[in-house]
Amino acid sequence: MKLNCDLGESYGAWSMPVESAIMAEIDQANIACGFHAGDPLVMKQAIFLAKTHNVAIGAHPAYPDLQGFGRRSMTIGADELIAMIQYQISALAGMADLSGTTVNYVKPHGALYNDMMKSLTIRRAVMQSVAEINAQISREPLTLMVQATARNDVIKEEAKEWALPLYFEAFSDRRYTDEGLLQSRTIEGAVLSEDEALAQAERLIESGTVITASGSTLKVEADSLCVHGDTKGAVSIAQRIRKFL
């Protein structure tokens with residue numbers, strides 16, 4: 001199992017201080033593309049760090065919501081949403097080209113990610129946006145990262161229409177609902193403590209299961225495990241998971 005983290009999320013005077021420390025512990029960096037966080041300089045610096053540590057680069061597109069850090073849902077038509085996602089991926093891919101490296105995958109951020117997992121219409125728009133880019137590039141196709149749930153087989157079938165490779169992702173530091181989705185951050189305890197996150201990570205790695213908010217055991221088959229860069233103790237969590245891996 002790979003370890004990934006949402007990074008490049010500083011913006012102007014606002015700084016996320018974990019980037020250089022956590023980059024050495026992860027396999028995949030989901031780099032913000034400017035719509036929920038990040039700016040050109042931050043993107044360039046994150047790409048440089050990823051390249052230095054031989055970390056795969058993923059585009060981390062979001063709804064246009066700097067004030068809400070991309071964690072507020074928006075009603076956006078499919079054509080506009082596709083264009084927004086492609087704009088963000090293209091910005092990061094262009095910056096990566098300048099640094100002599102490439103973007104390997106796409107992981108939507110925040111509310112867009114959650115909405116994608118709940119809505120077939122939004123999921124199809126996300127898949128189409130990535131597939132259209134893949135149809136125009138000569139390098140390895142971009143892989144779409146989605147949440148691992150009991151419906152992995154359904155998502156795989158949907159992705160076949162677009163010839164779209166997938167990564168299935170689990171979360172070390174977030175509480176799960178019985179439906180296999182992430183508990184809303186508005187609910188106390190939705191973001192796990194450092195010890196809780198490590199215990200959940202170990203369970204996911206050893207048995208491919210999580211304990212949900214109600215205490216049920218849920219099967220989760222994942223390729224990559226996420227630690228959020230803004231979770232308290234993120235660097236320590238990543239270091240402890242890396243040691244366990």
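Biologist: Let's start with strand β1 (residues 2–7) and strand β2: over how many bridges do they pair?
Modeller: Helices and strands here are DSSP runs numbered from the N terminus (helices are H or I with at least four residues, strands are E with at least two). Two strands pair if DSSP finds at least two bridges between them. In this case Cys 5 stands opposite Ala 29 in β2. β1 and β2 pair in the parallel sense, and the bridge count is four.

Biologist: Before we go on, what kind of model is this?
Modeller: Residues are numbered from 1 along each chain as its sequence is written, and side-chain values use heavy atoms, with hydrogens and water left out. Local features need pLDDT of at least 70, side-chain atom pairs count only at pLDDT 80 or more, totals for chains, interfaces and linings use all residues, and the model itself is predicted.

Biologist: By how many degrees are neighbouring strands of the barrel sheet turned against each other on average?
Modeller: Seven strands close into the barrel in the order β1-β2-β3-β4-β5-β6-β9, with parallel pairing. For the angle, axes are lines fitted to C-alpha atoms (for helices over the stretch in contact), and angles run from 0 to 180 degrees between N-to-C directions. With direction ignored, the average turn between neighbours in this sheet is 35°.

Biologist: Which residue in β3 is the bridge partner of Asn 30?
Modeller: Strand β2 (residues 28–32) and strand β3 (residues 56–60) run parallel and are joined by five bridges. One bridge partnership takes Gln 28 to Ala 56 in β3. For Asn 30, the partner is Gly 58.

Biologist: How many residues of β2 are buried?
Modeller: Buried means under 20% relative accessible area, exposed means over 50%, and partly exposed is in between (1.4 Å probe, protein chains only). On one side of β2, Gln 28, Asn 30 and Ala 32 are buried, and so are Ala 29 and Ile 31 on the other. The strand is largely enclosed by the rest of the structure because its buried residues number five of five.

Biologist: Which β5 residues point the other way from Thr 143, Met 145 and Gln 147?
Modeller: In a regular strand, side chains alternate between the two faces of the sheet. Strand β5 (residues 143–147) is mostly covered, with five of its five residues buried. Thr 143, Met 145 and Gln 147 go one way, and the other way go Leu 144 and Val 146.

Biologist: Which residue in β6 stands opposite Met 145?
Modeller: Two bridges join β4 to β5, and Tyr 105 stands opposite Thr 143 in β5. Moving along, β5 and β6 pair in the parallel sense over four bridges. Opposite Met 145 in β6 you'll find Tyr 167.

Biologist: What type of aromatic pair do Tyr 105 and Tyr 167 form?
Modeller: Rings of Phe, Tyr and Trp (its six-membered ring) pair if their centres lie within 6.5 Å; planes under 30 degrees apart count as stacked, over 60 as edge-to-face and the rest as tilted. A search of the whole structure finds three aromatic pairs. Here the centres are 5.9 Å apart and the planes sit at 80°, so the pair is edge-to-face.

Biologist: How many residues apart in sequence are the parts that this pair ties together?
Modeller: Tyr 105 is buried at 0% relative accessibility, whereas Tyr 167 is partly exposed at 23%. Tyr 105 lies in strand β4 (residues 103–106) and Tyr 167 in strand β6 (residues 166–171), so the separation in residues is 62.

Biologist: Which residues have the most contacts inside the largest nonpolar core?
Modeller: A nonpolar core is a set of buried Ala, Val, Leu, Ile, Met, Phe, Trp, Tyr and Cys residues joined through side-chain atoms within 4.5 Å. Contact means heavy atoms within 4.5 Å, and Leu 92 touches residues including Ile 31, Met 43 and Val 103. The core has 72 residues, and those with the most contacts inside it are Ile 26, Leu 92 and Leu 144.

Biologist: Is Ala 163 buried or exposed?
Modeller: Most residues other than glycine have a negative phi, and most peptide bonds are trans. Ala 163, in the loop between α6 (152–160) and β6, has a positive phi of about 50°. Its relative accessible area is 65%, so Ala 163 is exposed.

Note on methods: Lists of a residue's contacts leave out its neighbours within four places in sequence.
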